[in-house]
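Me: I'd like a close look at one part of this model, and then a walk through how the strands around it and elsewhere are put together. Take your time with it.

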Amino acid sequence: MQRRPALLRPHLLLAALAALLLGVLPPAGRAHAAEAGVRHGAAPATYTNPVSGQAVDTFPDPAMIRGKDGYWYAYGTQNPVFQSKGETGERMLPILRSADLTHWTYAGEVFTPADQPAWHGGSRLWAPDIRYTDGQYTLYYSVPDRNTVGVATAPTPTGPWTDRGAVLPSPSGCASGNIDQAQFTDVGGQPYLYWGSYDTICVARLNGDRTRVEGQVTEVAQGRRVEGGFVVRREGWYYLFYSDAGCCDGGASGYQVKVGRSQSPTGPFSDDQGVPLMAASSKGTVVVGGDGRWIGAGHNALQTDLSGQDWLVYHAIPAADPDLARVPGIDRTLSRRPLLIDRLDWIDGWPVVRAGAGPSHDARPAPVTAWDTGSTFASGGLDGWQARGADTGAWAPGSDRDAGGLVSRTGAGREAGYLVSPGSAPARVRAEADLRVTAAGGSAGLVLAHQDAGDQIVAWLDRPTNSLVTDVLVNGRSAGRWSTPLPSGFQWGAWRNVAAELRGTRLTVEVSADRLHDAVATQTRTVPDSAVRAGHVGIAARGAGAQADNVGGARLYTPVPERVPDPRTGPQLGLYGDEFDGPAPNAGWSWVRGPATGAGTSGGDFVLPTQNAELNLGTNTASVLNRPAPSGDFVVETKLSITNGPGNQQAGIVLYGDDDRYVKLVHAVLPVSHKDGQVTHVTEFAREGALPAARPPAANAYGPMFGGAPGATVWLRLARHVDTARDLHEVRAASSTDGTHWTWTGTWTLPDASAPLRIGLVALNTAGATARFGYVRTYAG
């Protein structure tokens, strides 16, 4: 999301439109845009982030869907996406299109200045969320100047869009900002809307046509700058992804994607340490954060490739070029936030990008977007597909406006007929099809592991029983027909995706509208060993009205079982620490602006009262107790407790170059913006230093990330790595509430690796609390 907006002035909007008409800007169709290249040829072997770089200059807050035409579509926040092409204005909710998730072209925008709904009041539009609901595309978006969420629908992923008004009442019932929405559909078909920002995320049910919330509003997450919720369901758990810290401050943006999980869509959600997302603290379970080259990684969605591998869809800011040129009529510099994708691994029940390696920079294995065998039927023919079983002449190609090419079974007999692919898919397979049944007595199914009618697996959408039915056939005999109810009111005339994964003898089948981890029906069963074999994929049909599209199978992805190691501690370096077991700190320490009043050792701790003082940009009045640090890689650790004060206190460790060049990790006690008199406890990992000259003025900036929840006692670590190639200090932070289990955040960098950083302790912001440091220990990195 983009904060503190000012509206683009009408004369500037008209100028931008005039430039477009004059051909200065690239064409941007409002319907299906032309796209060069082969739709479904060989998949690219690798990709490099940002994947949107060849199409647009920036693409914040991305959402993504696979359209029924077989393309992927991405939607972003209103931004100046064509500055490099000479456009000074913005596009309202821009749309990109791709055949392979890695090469994107511009495909239009949801609204233009000429057709923006009047009720928006000219507001900029942020943070779209896209879903396929009951035969149409439903797009939710934030209207910040109205502090609400809008919704629009369209027959295709690129429009034309019909305004459906505001989704939320006023007041909405949520405690903070009414933006950053995402829709989710539960098993059984109940739709929900999640929304909220700065500093609460809420959820409520949606009505039948998904255009208005109704009933109870429930807060499901709170925390410092929490926003951007996105929910998926996986193996019985509901996962709430969200972002916290600053989204849009260029090189000082501390955005990270985090996650909690629950066994209900309305919570309670907790992080991987059991901390409730409603606790008055920061939380852990970082999915992806900035790594110093990509900054402010956040505001995510998810996609699944054809092998079943999940991918995180998000934006991040390039450290080398963090800012866009100023946009006339907007009173602040906008951050450059292109679209990134990276592999999302599920390890021990928790999602993490690239097993914890963070955002990718170099060429990485690309998503699987071509089947081993299958078709989108875009050619208008059946291209070698084979009809088997009953009514072999009843299969016919067709088309419609949204799906493009498709295939229908014109016969009406109840005996099953099959249409199978020309080639085979592996035994370990993910197969899928978009299916619909337009006649009351009909059924349509996804076929996999097909040898013949007596040796195959079929997952039926069975309209007469309103059920998902699986049948596993071996040597002409059924291993059992299993039935799972579909929701009452299931829209049979709308496309439904049926996806089946066969891993070993475990078969999992999901029925969803849009492949976004919100299946309305799921079935998992064990199949006989003899049913696990390579075979054709295809379509099954009984009765009339069965139609199919996007049918294929690919080798099932191989999960990553273990995380990459977090920074580890080597031997302790005794010359760079202190156990505080003497009458005073040892001889290695010195003060900047000190000694602080009341500071000293007591009972084996170093006691440091919080000061009415700051270490922040132009206000540098706080005392810093500091000592030299090792020249190479190291990890510094302290054990800290801080008594509760009146609020706005913090204490912790710093790696200190000077007042304008440092990183710090503190336990901060901060007021809750929307709850008078309440405080929240956060682990704040912050950086102050010079930013590139692209951000005027070319001066220092301060930016925080937030780590896991601090306890009454918290252990803090800073891991410094010297990147000699880029002449940078790279610093990661971790916190723990037991000294054993650590929550690591992203990375901040400081320039000039040859300029030393010193190890320091601080206690500042507001007097009234006391920090006690149990020790400072430094280890080889």
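Which residue in β53 stands opposite E637?

Reply: Keep in mind that this is a predicted model. The residue across from E637 is R777 in β53. The two strands involved are β44, residues 634–642, and β53, residues 770–780, and they pair in the antiparallel sense over 8 bridges.

Zoom out a bit and that pair turns out to belong to an open sheet of 7 strands, in the order β39-β40-β53-β44-β49-β50-β51, with antiparallel pairing. The edges are taken by β39 (600–602) and β51 (743–751); each has a single partner strand, so one side of each has no neighbour in the sheet. On average, neighbouring strands here are turned by 30° against each other, direction ignored.

There's another open sheet to set beside that one. It has 4 strands, ordered β2-β3-β4-β5, and the pairing is antiparallel here too. At its edges stand β2 (63–66) and β5 (104–111), each with a single partner strand, so one side of each is left without a neighbour in the sheet. Neighbouring strands in this sheet are turned by 25° against each other on average, again ignoring direction. As for the edge strand β2, its antiparallel pairing with β3 (residues 72–75) runs over 4 bridges, and A63 sits opposite Y75 in β3.

Now for β11, which has a partner strand in both β10 and β12. Strand β11 covers residues 191–195 and is mostly covered, with 5 of its 5 residues buried. In a regular strand the side chains alternate between the two faces of the sheet. Here both faces are covered: P191, L193 and W195 are buried on one side, and Y192 and Y194 are buried on the other.

Two of those tyrosines give handy reference points for the pairing. Y194 has A182 standing opposite, in keeping with the 4 bridges that join β10 (residues 182–185) to β11 in antiparallel fashion. Y192, for its part, stands opposite R205 in β12, and another 4 bridges tie β11 to β12 (residues 200–206), also antiparallel.

Both connections are hairpins, too. Between β10 and β11 there are 5 residues, and G188 in that turn has a positive phi of about 95°. Between β11 and β12 there are 4 residues, with G196 in the turn at a positive phi of about 135°.

How values were computed
Residues numbered from 1 in each chain as written. Predicted model: local features only at pLDDT ≥ 70, side-chain atom pairs only at ≥ 80, totals over all residues. Heavy atoms only, no water. Pairing = 2+ DSSP bridges. Axes fitted to C-alpha atoms, helices over the stretch in contact; angles between N-to-C directions. Buried < 20%, exposed > 50% of the residue type's maximum accessible area, 1.4 Å probe, protein only.
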